[in-house]
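Let's take a walk through this model together, moving from its empty spaces to the charged pairs and one of its helices. Keep the viewer open as you read.

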Amino acid sequence: MTHGRRADSYTPRPDGAGGPRDTAARYALLPLRLFLGVTFVYAGLDKLTDSAFLKDSGAGSIGDMMRAVRDSSAIPALVDMALESPVGFGYAIAFGELAVGIGTLIGLLSRIAALGGALISFSLWLTVSWAAEPYYYGNDLPYLMAWTPLILAGAPLLSVDAALRARRRRGTL
């Protein structure tokens, strides 16, 4: 008879009771949620406060960046569409990142916020970081994959969504 640790998967108790393993399982996505939320808020604010970024042309501008990646992107038509109004596209990305980040941090419409983050990451992967070689040098693909668990699970703890769900269960909403 051999002795050792079990290698099967662990499922926390559905009633929320249990020991440290249950607590760790319940809070497992919280660090990812905080990281992605802070990162996207920062990215949005960084774009909105960078006077060079929100310009059609010039060093550090969204327009020049898009023109530089156009021919190496997976879907040049996406870049062409954004180049019709690069400043408007820059604002859309910045406000989108800000909305996604805030929604993720506070857990408001968390699955929708995560889907928005995944779509932003996916579009940036297909355009800006598509030519990165090897592929794992481009950071947008890992961000896309990081959003996936939050799309699936939402923000079940420490979130506006959880508070609203609890109020609905009590019948006070």
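**Cavities, a pocket and salt bridges**

About 60 Å³ of space lies in the largest cavity. Bear in mind as you look that this is a predicted model. Searching the whole structure turns up 2 cavities of 30 Å³ or more, and the second largest has a volume of about 40 Å³.

Which residues line the largest cavity? They are Arg26, Tyr27, Leu29, Leu30, Arg33, Leu150, Gly154, Ala155, Pro156 and Leu157. Sorted by class, that lining has 7 nonpolar, 1 polar and 2 charged residues. The lining of the second largest cavity is made up of Arg33, Thr104, Ser110, Ala114, Leu150, Gly154 and Ala155. Here the classes come out as 3 nonpolar, 3 polar and 1 charged. If you select Arg33, Leu150, Gly154 and Ala155, you will find them in the lining of the largest cavity and also in that of the second largest.

Two of those residues lead us to helix α7. Leu150 is one of its buried residues, along with Asp140, Leu141, Tyr143, Leu144, Ala146 and Trp147. What covers the buried residues of α7? The cover includes α2, α5 and α6. The helix has 14 residues and spans 21 Å from its first C-alpha to its last, close to the 20 Å expected at 1.5 Å a residue. Gly154 comes just after α7 and takes a positive phi of about 70 degrees.

Now turn to the largest pocket, whose volume is about 540 Å³. Its lining counts 26 residues, and Ile93, Glu97, Leu124, Val128 and Asp140 lie nearest its centre. Several helices share the work: α2 (30-49), α3 (62-69), α4 (76-83), α5 (86-106), α6 (110-127) and α7 (140-153) each supply at least two residues of this lining. By class, the pocket lining holds 18 nonpolar, 5 polar and 3 charged residues. Asp140 links this part of the tour to the last one, as this residue is among those near the pocket centre and is also a buried residue of α7.

Glu97, another residue close to the pocket centre, brings us to the salt bridges, of which the structure holds 5. Glu97 pairs with Lys47, their closest N and O atoms being 3.1 Å apart. Glu97 lies in helix α5 and Lys47 in helix α2, so this pair ties together parts that are 50 residues apart in sequence. Are the two partners buried or exposed? Glu97 counts as buried because its relative accessibility is 5%, and Lys47, at 19%, counts as buried too, since the cut-off is under 20%.

Other salt bridges join residues that sit close in sequence. Arg67 and Asp64 meet at 3.0 Å, N to O, and both lie in helix α3, 3 residues apart, about one turn of the helix. Arg67 is partly exposed with a relative accessible area of 38%, and Asp64 is partly exposed at 31%. This pair belongs to a network of salt bridges that links Asp56, Asp64 and Arg67.

A further salt bridge joins the side chains of Arg70 and Asp71, again at 3.0 Å from N to O. Arg70 is partly exposed, with a relative accessible area of 27%, whereas Asp71 is exposed, at 68%.

Note on methods:
Residues numbered from 1 in each chain as written. Predicted model: local features only at pLDDT ≥ 70, side-chain atom pairs only at ≥ 80, totals over all residues. Heavy atoms only, no water. 1 Å grid on protein atoms, 1.4 Å probe; cavity = no way out; pocket = protein on both sides within 12 Å on 5 of 7 lines; lining within 4 Å. Points joined across faces, edges and corners; volume = space filled by probe spheres on them. Helix = DSSP H or I, 4+ residues; strand = E, 2+ residues; numbered from the N terminus. Nonpolar A, V, L, I, M, F, W, Y, C, P; charged D, E, K, R; others polar. Salt bridge = Lys/Arg side-chain N within 4 Å of Asp/Glu carboxyl O. Buried < 20%, exposed > 50% of the residue type's maximum accessible area, 1.4 Å probe, protein only. Expected span 1.5 Å × (residues − 1). Contact = heavy atoms within 4.5 Å.
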